Structure formats: C-alpha cells, structure tokens
Amino acid sequence: QRADGLRAADLTGKSDPFVRAFVERGGELLVTMETSVRWETVNPLWEEEFELADDDLERGTTMRLEVWDKDKIGADDFLGEIVVDMASIAADPTVEARGELVVERVLEPNSAKSSNAPKGSLTVSFRYS
C-alpha cells in the first residue's frame with residue numbers, strides 16, 4: 001500500500017522504491033510478487049493488489065516484504081523488510097468483521113542484504129473474501 005520516511009538511497013536525496021514479496025512456509029518459497037517502482041520519493045504509494053490462495057494462509061506461512069531502491073546502474077539497494085505471519089492475519093477478528101486488516105510496521109534490518117540501517121515504515125492492507 002505505502003511506505004513512509006524511507007532512507008534516501010540516491011544522490012538526489014530520494015529513493016526509487018519498490019517492494020518484493022515472498023510467501024514462504026517451512027523454508028519453501030510458495031509465491032513471489034513485486035510492485036512497480038515509484039521514482040524519486042521516500043514516501044511511495046502503491047495501489048496494487050496481489051491475490052493469494054486460501055492455503056497460503058495456513059499456519060506456518062509468512063510473507064516477507066522487502067523494500068528496495070531501484071538503481072539504473074549497478075545493484076538495487078535494500079531499504080528494509082517486514083515479516084507478517086499469514087495465519088494471524090486470517091485469524092484476526094478485524095478481517096472477519098470488515099474483510100480487511102491494515103498492518104503498519106517499522107522496517108527491520110537484514111544484515112545479509114545490507115549493512116545500512118533501515119529507516120521508515122511499510123503499511124500493507126490485507127483483504128479477505
């Protein structure tokens with residue numbers, strides 16, 4: 001849905017962020033998804049939807065959402081990540097009542113991807129039908 005206050009990874013004082021999402025269970029990668037790039041912003045808004053199957057919400061399934069800065073030359077820069085337990089989303093009473101749950105979390109580091117400290121937060125909306 002959106003990110004706020006991301007680290008500026010480019011010389012322009014901005015970033016070109018996009019999100020890579022990985023649905024995993026027991027170390028097995030089930031689904032990968034990627035948003036489009038939002039150019040020159042540290043507060044991107046993505047109005048994109050991705051569908052998951054019901055079995056993607058089973059116990060032990062997580063969604064790892066990584067925020068990256070797109071580089072035209074060289075490797076993309078890792079900005080931070082969040083991990084969401086998908087079973088907790090399906091079990092949340094808000095989802096049942098409204099059919100939607102909004103999750104906002106501060107970006108976490110991943111030393112295997114970057115030594116830079118993450119900055120900002122990621123907000124994701126889960127709709128269940």
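## Exercises on a predicted model

β2, β3, β4, α1 and β7 each supply at least two residues of the lining of the largest pocket. The model is a predicted one, and the exercises below work through its pocket, sheets, core and one loop residue.

### Exercise 1: the pocket

Task: find which element gives the most to the lining of the largest pocket, and which residues are closest to its centre.

Solution. Start with the size: the volume of the largest pocket is about 830 Å³. Its lining consists of 28 residues, and E49, F50, S125, F126 and R127 are the closest to the centre. Next, sort the lining by element. β7 contributes five residues, the most of any element.

### Exercise 2: the four-stranded sheet

Task: give the strand order of the open sheet of four strands, then work through its pairings.

Solution. Step one is the order, which reads β3-β2-β4-β5, with antiparallel pairing. The edge strands are β3 (28–34) and β5 (77–85), each of which pairs on one side only. On average, neighbouring strands of this sheet are turned by 20° against each other, direction ignored.

Step two takes the pairs in turn:

- β2 and β3 run antiparallel and are joined by six bridges; R25 has E28 in β3 as its bridge partner.
- β2 and β4 run antiparallel and are joined by nine bridges; F18 has W68 in β4 as its bridge partner.
- β4 (residues 61–69) and β5 run antiparallel and are joined by eight bridges; V67 has G80 in β5 as its bridge partner.

Step three looks at the turn. The hairpin of β2 and β3 has two residues between the strands, and G26 takes a positive phi near 55° there.

### Exercise 3: the three-stranded sheet

Task: state which strands stand at the edges of the sheet that contains β1, β7 and β6, and what follows for their sides.

Solution. The order of this open sheet is β1-β7-β6, and the pairing is antiparallel. β1 (2–4) and β6 each have a single partner strand, so one side of each is left without a neighbour in the sheet. Neighbouring strands here are turned by 20° against each other on average, direction ignored. For the pair β1 and β7, count three bridges in the antiparallel sense. In β7, T123 is the bridge partner of R2.

### Exercise 4: the core

Task: find which residues have the most contacts inside the largest nonpolar core, and which elements supply at least two residues of this core.

Solution. The core has 24 residues, and L65, L122 and F126 have the most contacts inside it. The elements that each supply at least two of its residues are β2 (17–25), β4, β5, α1 (86–91), β6 (100–106) and β7 (121–127). As background, nonpolar side chains tend to be buried together in soluble globular proteins.

Now take L65 alone, leaving aside its neighbours within four places in sequence. The residues in contact with L65 are V19, R20, A21, G80, E81, I82, V84, L122 and V124. L122, listed here as a contact of L65, is also one of the residues with the most contacts inside the core.

### Exercise 5: a loop residue

Task: decide whether E40 is buried or exposed, and find which residues are in contact with E40.

Solution. First place the residue: E40 lies in the loop between β3 and β4. Its relative accessible area is 55%. The cut-off for exposed is over 50%, so E40 is exposed. Then look for contacts, leaving aside neighbours within four places in sequence: these are K14, S15 and D16. Finally, E40 and T12 are 28 residues apart along the chain, while their C-alpha atoms are separated by 7.9 Å.

Conventions
Residues are numbered from 1 along each chain as its sequence is written. This is a predicted model: local features need pLDDT of at least 70, side-chain atom pairs count only at pLDDT 80 or more; totals for chains, interfaces and linings use all residues. Side-chain values use heavy atoms; hydrogens and water are left out. Two strands pair if DSSP finds at least two bridges between them. Axes are lines fitted to C-alpha atoms, for helices over the stretch in contact, and angles run from 0 to 180 degrees between N-to-C directions. A nonpolar core is a set of buried Ala, Val, Leu, Ile, Met, Phe, Trp, Tyr and Cys residues joined through side-chain atoms within 4.5 Å. Buried means under 20% relative accessible area, exposed over 50%, partly exposed in between (1.4 Å probe, protein chains only). Contact means heavy atoms within 4.5 Å. On a 1 Å grid over the protein atoms alone, a cavity is a set of points where a 1.4 Å probe fits but cannot get out, and a pocket is an open set with protein on both sides within 12 Å along at least five of seven lines; lining residues have an atom within 4 Å of a point. Grid points are joined across faces, edges and corners, and a volume is the space filled by probe spheres set on the points.
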